[in-house]
Amino acid sequence: MKEHSGYATMNEFKKAGIHTRKVREAVEKAIIIKIKPGLYKLRDFQRDEYEGFIDVHTANDSAIICLGSALAYHELTTFNPSKIDVAVPNNTDKFELNYPPINVYYYRENMYKAGVDVVERGYGSFKVYNKPKTVCDMFRYRNKLGEDLALEGLQNYLNRSDSNLNELSKYMKICRVKTVMEPYVKAMIAG
């Protein structure tokens, strides 16, 4: 597992001559953690605060960190979600994990593919939506996740030195939130 950034599949265990019973015992003793059926990670492997994001990406490489989790990753909110928000294409089979806890959102193709950044860490990588796309997604899901969170994300984004109104406008169109967001953007810029 150490050779594979702390992860292993059941097939890799079998190839190494480790019986499924030993894997189950290691899970019960909390030496390894079951991410999903057939995928495990070493509990005490040296990682950082993005470990859960990499777990999700390792379990499903089409998963993209989105909404509240992406907002927190980009430091656009003080909110710390208890579950990791992930986007997958809307034609994806049911996506569940034993660990870490996730909220899955099924995105239409044009919204799913837009604004994706790949973040490389020393022990793996993950995908996350960029700042303007994340803010627009928050407005798209404002009724479910809270308008106050969407507004906080927008305000914090506009206050950043790297904010880009053209990029924001592009994602407002893609996410179909232009009519909702424009009045807020104008008011925040004017204020």
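Start with the open sheet: three strands in the order β1-β3-β2, with antiparallel pairing. Strands here are DSSP runs (E, at least two residues), numbered from the N terminus, and two strands pair if DSSP finds at least two bridges between them. This is a predicted model, where local features need pLDDT of at least 70, side-chain atom pairs count only at pLDDT 80 or more, and totals for chains, interfaces and linings use all residues. Residues are numbered from 1 along each chain as its sequence is written, and side-chain values use heavy atoms, with hydrogens and water left out.

Select the edges next. β1 (7–9) and β2 each pair on one side only.

Now select β2 (residues 32–36) and β3 (residues 39–42). Four bridges join these antiparallel strands. Isoleucine 33 has lysine 41 in β3 as its bridge partner. Two residues lie between the strands of this hairpin, and glycine 38 takes a positive phi near 90°.

Move to β1 and β3. Three bridges pair them in the antiparallel sense. Look for threonine 9, opposite leucine 39 in β3.

Leave the sheet for the largest nonpolar core, which has 30 residues. Such a core is a set of buried Ala, Val, Leu, Ile, Met, Phe, Trp, Tyr and Cys residues joined through side-chain atoms within 4.5 Å; buried means under 20% relative accessible area (1.4 Å probe, protein chains only). Helix α8 (helices are H or I runs of at least four residues) gives the largest share, five residues.

Click methionine 181. Among the residues it touches (heavy atoms within 4.5 Å) are Val135, Phe139 and Leu154, not counting residues up to four places away in sequence.

Finish at a second, separate core of 21 residues, including Leu39, Val56, Ala70 and Leu97.

Notes
Buried < 20%, exposed > 50% of the residue type's maximum accessible area, 1.4 Å probe, protein only.
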